[in-house]
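Me: Got a minute to go through a model with me? I'd like the quick version.

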2 protein chains.
Amino acid sequence: MTVTLADVAARAQVSPATVSRVLNGNYPVAGPTRERVLRAVADLDYVVNGPASALAAATSDLVGILVADIADPFFGIIAAAVQSQIGSGGGRGGGERLAVVCATGGAPERELTYLTLLQRQRAAAVVLTGSGTEDREHTGALAAKVRRLEESGTRVVLCGRPPLKDTPSIALPFDNRAGARELTAHLLSLGHRRIACIAGPEDRTTTRHRLEGHREALAAHQLPDPAPLTVHASYERGSGYHAMQELLSRDPDLTAVVAANDSLALGACAALRDAGISVPGDVSVTGFDDLPFSSDAVPSLTTVHLPLTEAGQRAGRLALGQEGRAGEVIPVTGELRVRGSTGPVRAG
Amino acid sequence: MTVTLADVAARAQVSPATVSRVLNGNYPVAGPTRERVLRAVADLDYVVNGPASALAAATSDLVGILVADIADPFFGIIAAAVQSQIGSGGGRGGGERLAVVCATGGAPERELTYLTLLQRQRAAAVVLTGSGTEDREHTGALAAKVRRLEESGTRVVLCGRPPLKDTPSIALPFDNRAGARELTAHLLSLGHRRIACIAGPEDRTTTRHRLEGHREALAAHQLPDPAPLTVHASYERGSGYHAMQELLSRDPDLTAVVAANDSLALGACAALRDAGISVPGDVSVTGFDDLPFSSDAVPSLTTVHLPLTEAGQRAGRLALGQEGRAGEVIPVTGELRVRGSTGPVRAG
DNA sequence: TTGAAAGCGATACCAG
DNA sequence: CTGGTATCGCTTTCAA
């Protein structure tokens, strides 16, 4: 039925071994012979059987990318960057590697499930993105799983995510704490004093770090603990909308709000708009990711620019195993980018 | 080294065949026996070898999703929807299927490359998204490839994309023509007469259909051919920005602009803003996809709501082969959704 | 430089 | 309901 390597060998009058060598190009083959083989491949329209190849070679051309949500451009940008690296050559037979994108919805147990699935596929590498849980149990299970993956030859890279203890994985963490600190410090320097905060989901490392940075900046100005003006919310616009309403009810006179990411910031903007409050005239809103969509649509948004593309590309290269040592930690720093008319606090 | 099915069999004191049956659950096995096997699996921390399994069974648990750009929420939303369907059960061994997301950048030749790669993986199905080329040659090559994929047992689904001639693939095309017609008709009903158009890339089916709809609406009002006020642009904000500048130079008095998608619309908004023109006060801008991001950020945007999630979910289900006949064409209609303050044309 | 042949690990048919 | 085993298609020593 389907053409196999043996068919190609027969047609080219060579042994299967030779065909394999030509296809993988990792072994010397005489010019004329290779020509003959390639012609046979073309004639028969032969396509390698990936699973068979992976079985024999004990490794595949698949690279897993774990994200919370593919529809979220934050992860989309990272995934695209990773793929741009793994796609360009390097795979077995000079072919390209394929990206297996897995949406975990941020659930730790689904993270483990997908890692098992990728282990089953004998994936060449796995890139874990997004914030990790603070949950001890899950962190432990995750570390164990990662260790097993590495043992079975799958490289693991943590992109925009803190390092995992006692693990040979390579980490590329964002400096969320410093970013948040600078963001709030910026608002303070503009004269804002009543700064509300829409933090991310609880028990996430990212949430904690950004919140800590926020606190540090306030503390540096001898301002009270921000807890009363802090609301936790999931990373969705709708949550940002409701969080903003809640914050307005707590303090109608707030002059600025720092949101844990751009989606929340946009939701906050919508809530303010619907409450008849102008942005940034009355209230300054800040995001954290600086996604093209949000910053282009809302030019008055002040954001910490997280270098998602750079981090993703780097993660892709590390996944290929062409650079980086096991257990290495390479911090990726965000950059505060002020744009538009986010101005000083309003009088009154 | 790594634990194999044989190891499990040995530990459970059964034959490999039995272990396989327990794992795949598609064959009767006595209660106590299955218990013993499952315990052995757990004890040994056994993980199936995907490639070996795929080789023997002649099919894999992979589903390919071809998109132009993962970072674009338009495709992200579709990919997420597809994955939500293929992820929930149904795979071999009750496991889940994995989504292999391939970014083609809209290049037809990369589309072919990825299809070959997926064929090599013996993917269970492939979902093609985005607009197709108008190029005869590529369309032919693509159809041939799709035919070969179907022959080798890979189901092919076209999501938001016109049917491929002489192909057993199932198509879920968007009714771009009708959507565009309604959009322009809507602007006309508001009194707009100088309507500019930022069309998508040339030689794309989507571009042609949307442009045709635009023309039809204008023709129904005896308005002149829109060509002089039409600019082609790639689907990126930057292109929309420049296109808008170009259009303004052609007609400073235009009162509305229909953009081929939301990214272009946002770019157009930015250009208008920078030119000191208020949106929608002076000029109405319309998009086409109604992505959450853009509509939330720019509430005055009038858009045709394309049911991306619904189409993606449907595509996912069709990919699983649980419904749909080969060659079936299921049109997906967009819905005009007017929001915000897009109002009548300004006086003067 | 090329060929022969022994696996890789799971599946599924055929017996029992 | 369970076991034995040929087979899937390719890779990779080992020889020649």
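Reply: Below we go through the DNA surfaces, the chain contact, a sheet and the core.

Me: What are the ground rules?
Reply: This is a predicted model, where local features need pLDDT of at least 70, side-chain atom pairs count only at pLDDT 80 or more, and totals for chains, interfaces and linings use all residues. Residues are numbered from 1 along each chain as its sequence is written, and chains are lettered from A and ligands numbered from 1 in the order in which they are written.

Me: Which residues come nearest to DNA strand C?
Reply: Pro28(A), Thr33(A), Leu5(B), Ser20(B) and Ala56(B), out of 27 around the strand. Near means a C-beta atom, placed from the backbone, within 6 Å.

Me: Which elements give two or more residues there?
Reply: From chain A, α2 (16–24) and α4 (50–57); from chain B, α1 (5–12), α2 (16–24) and α4 (50–57). Helices are DSSP runs of H or I, at least four residues, and strands are E runs of at least two, numbered from the N terminus.

Me: How many charged residues are on that surface?
Reply: None; the surface near DNA strand C has 18 nonpolar and nine polar residues. Ala, Val, Leu, Ile, Met, Phe, Trp, Tyr, Cys and Pro count as nonpolar, Asp, Glu, Lys and Arg as charged, the others, Gly among them, as polar.

Me: And what surrounds DNA strand D?
Reply: 28 residues, with Leu5(A), Ala17(A), Ala56(A), Pro28(B) and Ala30(B) closest. The largest share, six residues, comes from α2(A). By class, there are 18 nonpolar, nine polar and one charged.

Me: Switching topic. How many residues of chain A are in contact with chain B?
Reply: 43, against 43 residues of chain B. Contact means C-beta atoms, placed from the backbone, within 7 Å. The chain A side divides into 25 nonpolar, 12 polar and six charged.

Me: What's the strand order in the open sheet of chain A?
Reply: β7-β6-β8-β9, with parallel pairing. Strands β7 (230–232) and β9 (284–286) are the edges, each pairing on one side only. A pair needs at least two DSSP bridges.

Me: How many bridges join β6 to β7 in chain A?
Reply: Three, with β6 spanning residues 195–199. Ile198(A) stands opposite Val231(A) in β7(A).

Me: Last one. What does Val257(B) touch?
Reply: Beyond four places away in sequence, its contacts include Ile198(B), Met244(B), Leu247(B), Ala268(B) and Val283(B).

Key:
Two residues are in contact if their C-beta atoms, placed from the backbone, lie within 7 Å.
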